[in-house]
Amino acid sequence: MAKFKVPKEIFHGLGSLENLKGLTGKKAVIVIGGSSVKANGSLERTENYLKEAGISTVVFSGVEPDPSIETVLKGAEFFTQEQPDVIVGLGGCSSIDAAKAMWIYYEYPDSKLEELAAPFAVKPMRNKAYFVAIPSTSGTGTEVTGLSVITDREKGTKYPIVSHELTPDVAIIDGDLCASMPKHVTANTGLDVLSHGVEAYVSNIADRYNDALAKGAIDLVFKTLPTVIEEPNNLEARQAMHDASCMAGMAFTNVWLGIVHSMSHQIGGTFGIPHGCGNAILMPNVIRFNSKVTNKYSELAALSGRTSAEEFAQEVSKLRASVGVVGSIKEYGVSQEEWDAKLDVLTQNAMDDPCTLFNPRKPKFEEIKAIFQACYEGRAITL
Ligand SMILES: [Zn+2]
């Protein structure tokens with residue numbers, strides 16, 4: 001038995017932002033990051049469409065990348081003052097993640113971050129407001145997931161809050177909003193989408209529903225990521241990548257991810273390697289490692305006319321290189337000394353990461369370490 005949870009309404013396609021006109025409510029707080037949604041006009045369009053729906057708007061701005069608990073509390077205070085019945089997260093993943101956490105504190109002001117990070121800790125939401133997510137990057141799929149990652153900078157810890165209660169009520173997937181994404185962000189976030197599709201597809205709780213979405217997303221990434229890199233103003237291709245991000249998000253919020261993410265979380269946190277870049281470096285060797293227990297990679301290889309897991313691993317490397325992303329941790333600029341000093345801690349933390357529980361092959365400490373080492377050097381493993 002399994003449950004498949006997605007937002008109640010997903011509007012998608014170029015121009016789909018217009019569907020805001022059909023929402024109901026009295027007052028919306030729009031949560032944004034920096035100036036990009038102002039500069040590209042999407043904030044103004046959002047405000048205007050909401051006004052057409054009879055919903056007044058106020059804006060909370062200044063959400064930083066890797067949003068902090070301080071920002072979340074500041075936002076929740078603003079919500080309490082403004083009393084919105086609609087919350088809109090607009091922009092990159094950080095704005096939407098922060099808005100989700102602000103929403104929790106608005107509904108339950110006595111919440112504690114450490115407690116929220118425990119499984120199933122989020123109480124029933126929607127007593128005060130419902131949630132609309134409008135992403136302007138194609139990557140994390142946060143617009144359809146029950147996930148929000150908040151950082152406590154004092155403790156140096158990232159807290160993932162996981163609950164289907166946090167799955168947005170409405171998601172708007174409008175590729176128009178992504179046209180101004182810089183090239184390196186497009187490449188890294190696009191490879192993150194690929195890793196969501198691949199990890200969801202081989203998850204040890206995968207099912208047919210999520211397989212279809214994951215495979216569809218992977219196919220779209222292979223077909224369109226190189227195009228959006230070469231032609232950033234190709235809106236049809238932007239929309240396809242935005243759809244892929246959403247589809248992969250729907251799959252992984254239901255069947256989770258594997259050790260590509262467990263390991264990437266560590267090299268991201270320790271060396272600042274961008275998430276999608278880290279995933280792309282790790283993925284080929286994780287495919288080789290996992291392929292000893294699953295033949296599902298061969299099905300993915302078939303998408304590009306290949307047959308084996310090894311060929312699929314090579315296709316992933318080829319795509320990564322074609323969009324200008326480095327192929328090893330060393331190449332990213334991590335020195336041998338730093339690497340040797342941290343390797344055991346990184347390995348242990350990857351073993352303890354919740355994503356490891358959903359990997360198709362249960363890894364041993366020495367195996368994760370060997371994958372890390374091979375990915376540091378940029379060579380293929382046999383395990
Ligand atoms: Zn990811």
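Trainee: At roughly what angle do the axes of helix 14 and helix 15 cross in this predicted model?

Mentor: Good place to start, and yes, the model is predicted. Helix 14 covers residues 336-352 and helix 15 covers residues 365-377. Their axes come within 9 Å, and the crossing angle is roughly 140°.

Trainee: How is helix 14 placed relative to helix 15, then, oblique or roughly antiparallel?

Mentor: Roughly antiparallel would need an angle over 145 degrees. The axes cross at roughly 140°, and the handedness of this crossing is right-handed. That angle makes helix 14 oblique to helix 15.

Trainee: Which residues of helix 15 meet helix 14?

Mentor: Let's take the helix 14 side first: Gln-336, Trp-339, Leu-343, Asp-344, Leu-346, Thr-347, Gln-348, Ala-350 and Met-351 take part. On the other side, the residues in helix 15 are Phe-365, Ile-368, Lys-369, Phe-372, Gln-373 and Tyr-376.

Trainee: Which residues touch the most other members of the largest nonpolar core?

Mentor: Two of them belong to the helix pair we just discussed: Trp-339 in helix 14 and Phe-372 in helix 15. The core holds 68 residues. Those touching the most other members are Phe-312, Trp-339 and Phe-372.

Trainee: Where does this core lie with respect to domain 1 and domain 2?

Mentor: Look at who contributes: domain 1 (9-177) and domain 2 (181-377) both give residues to the core. It therefore lies between domain 1 and domain 2.

Trainee: What does Phe-372 contact, leaving aside its neighbours within four places in sequence?

Mentor: From helix 14, Trp-339, Leu-343, Leu-346, Thr-347 and Ala-350 are among the partners that helix 15 meets, and Phe-372 is in contact with each of these. The remaining contacts of Phe-372 are Met-263, Gln-266, Ile-267, Leu-282 and Ile-329.

Trainee: How far apart are the centres of domain 1 and domain 2?

Mentor: The domains do touch, as 22 residues of domain 1 are in contact with 21 residues of domain 2. Taken over C-alpha atoms, the separation of their centres is 26 Å.

Trainee: Helix 9 and helix 10 also cross; what is the handedness of that crossing?

Mentor: The axes of helix 9 and helix 10 (residues 275-290) come within 8 Å and cross at roughly 140°, and the two helices are therefore oblique to each other. Among the residues that meet are Met-263 and Ile-267 in helix 9, with Leu-282 in helix 10. The crossing is right-handed.

Trainee: Is Trp-256 buried or partly exposed?

Mentor: Trp-256 sits in the loop between helix 8 (235-255) and helix 9 (259-271). Its phi is positive, about 70°, although Trp-256 is not a glycine. Buried would require under 20% relative accessible area. With a relative accessibility of 24%, Trp-256 is partly exposed.

Trainee: And what is phi of Gln-83 near?

Mentor: Gln-83 is found in the loop between helix 3 (69-82) and strand 4 (86-91). Gln-83 is partly exposed, at 49% relative accessible area. Most residues other than glycine have a negative phi. For Gln-83 the value is positive, near 50°.

Trainee: One more: what is the C-alpha to C-alpha distance between Val-293 and Lys-362?

Mentor: Val-293 lies in the loop between helix 10 and helix 11 (296-301). Leaving aside neighbours within four places in sequence, Val-293 is in contact with Pro-360 and Arg-361. Val-293 and Lys-362 are 69 residues apart in sequence, and their C-alpha to C-alpha distance is 9.7 Å.

Methods:
Residues numbered from 1 in each chain as written. Predicted model: local features only at pLDDT ≥ 70, side-chain atom pairs only at ≥ 80, totals over all residues. Heavy atoms only, no water. Core = buried A, V, L, I, M, F, W, Y, C linked by side-chain atoms within 4.5 Å. Buried < 20%, exposed > 50% of the residue type's maximum accessible area, 1.4 Å probe, protein only. Domains from an automatic or database assignment. Contact = heavy atoms within 4.5 Å. Axes fitted to C-alpha atoms, helices over the stretch in contact; angles between N-to-C directions. Helix = DSSP H or I, 4+ residues; strand = E, 2+ residues; numbered from the N terminus. Parallel < 35°, antiparallel > 145°, perpendicular 65-115°, else oblique. Left-handed = near helix turned anticlockwise from the far one by under 90°.
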